[in-house]
Amino acid sequence: MNSDHAYMARALELARKGLYSTHPNPRVGCVIVKDDRIIGEGWHAKAGEPHAEVHALRKAGDKARGATAYVTLEPCSHHGRTPPCADALVNAGVARVVAAMQDPNPQVGGSGLLRLMNAGIAVQSGVLEAEARALNAGFIKRMESGLPFVRVKLAMSLDGRTAMANGESKWITGPAARSAVQRLRARSSVVLTGADTVLADDARLTVRNEELGLGAELSALALNRPPLRVLVDGRLRVPLDVPFFQAGPVVVATCAAAKARDRYLEDGHELLAVPGSNGHVDLRKLLSELALKGANEVLVEAGPRLAGAFARLGLVDEYQIFMAPKLLGSAARPLMDLPLARMAEAQSLKIVDMRAVGDDWRIIAVPQRDE
């Protein structure tokens, strides 16, 4: 039904309001319709607060009886920090529930829809499912594979260079591109970087309100839930007095001896021991550990070596490449340290979006993996 698609599209629009704040929960929107008129709608803002269905039902009130509820994710059926939404819909007396997709969480996995059906409610699933899955790609991947969604952000010149030979890199791209990167950070569970970047650039990798370009409501939510900043420092080369540590709590992933743990804890940081070899952290194991911490989306903002390591290991789900209309020359540093000898070794990408961002261009590409 065309009306089902229209109301689900509105529910997805509401769900996107939670883009910067729902971690570790999924982004969910709900619209309640009766007599072809919206009588209640809501979205999940942050973990621990009411889910989208509850907000929508509160607005609908008694009118919800006999109505249709459109939800971007299967209503939960388990007790977490909030009561089950499936029970709330049953108690409200809705006649029909349309879900965009089933919940990938093993604690739910169809049981929410079954709970509704057993209560005599008509149920349909799969309306605008592709859009719903894209909105919660990180949550889905964490639930299904135990790993977060990894997005690698890169900034380069037209000739594919990221910095001058001496390391100078500010600024390759312009203000609009930098604002877009701030929004990428704000939506992420984790912003991850390496020792080389922190030492060379005095990087902080924080979310800066003045560059977000969001409205007051979304900015407040984003700043209230800043991403966890993770430093990959296998040999503990970065001193604690650099700006990165001074900007707030940091998780340091290392395979060095844990004898330095107390020194980091005293400054409010966490030392995460991760297996590795030759002073290099096992990145897949690190991602698994971050998923256990509830990380849905990891944004990698790192130099050529660490970015290249993620690429070589096949750990990248999406590249966001900002390209500036500049030429830095053949002596400048490359986009990634990715030593390939033959054309057959080339990593194929599919460009899914390409558009102007101020004076620069943003390319969103995903790896083409063998099925």
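**Exercise 1.** In this predicted model, determine which residue of S14 is the bridge partner of Val152, and describe how S6 and S14 are joined.

*Solution.*
Step 1. Val152 has Val300 as its bridge partner in S14.
Step 2. Strand S6 covers residues 149-157 and strand S14 covers residues 297-300; the two run parallel and are joined by four bridges.

**Exercise 2.** Place S6 and S14 in their sheet, and identify the edge strands.

*Solution.*
Step 1. The sheet is open, with nine strands in the order S11-S10-S9-S8-S14-S6-S15-S18-S17. The pairing within this sheet is mixed.
Step 2. Strand S11 (270-273) and strand S17 (349-357) pair on one side only, and are therefore the edge strands.
Step 3. On average, neighbouring strands are turned by 25 degrees against each other, direction ignored.

**Exercise 3.** Describe how helices H7 and H14 lie against the strands.

*Solution.*
Step 1. Helix H7 (residues 175-187) packs on the sheet and touches S6, S8, S14, S15, S17 and S18. The direction of H7 makes about 160 degrees with that of S15.
Step 2. Helix H14 (residues 304-312) lies across S6, S8, S9, S14 and S15. H14 runs at about 115 degrees to S8.

**Exercise 4.** State how many cavities of 30 Å³ or more are counted, and characterise the lining of the largest cavity.

*Solution.*
Step 1. The count comes to one cavity of 30 Å³ or more.
Step 2. The largest cavity holds about 70 Å³ of space.
Step 3. Among the residues lining the largest cavity are Thr22, His23, Arg187, Asn296 and Glu297.
Step 4. The lining residues divide into two nonpolar, seven polar and three charged.

Notes. Residues numbered from 1 in each chain as written. Predicted model: local features only at pLDDT ≥ 70, side-chain atom pairs only at ≥ 80, totals over all residues. Heavy atoms only, no water. Axes fitted to C-alpha atoms, helices over the stretch in contact; angles between N-to-C directions. Contact = heavy atoms within 4.5 Å. 1 Å grid on protein atoms, 1.4 Å probe; cavity = no way out; pocket = protein on both sides within 12 Å on 5 of 7 lines; lining within 4 Å. Points joined across faces, edges and corners; volume = space filled by probe spheres on them. Nonpolar A, V, L, I, M, F, W, Y, C, P; charged D, E, K, R; others polar.
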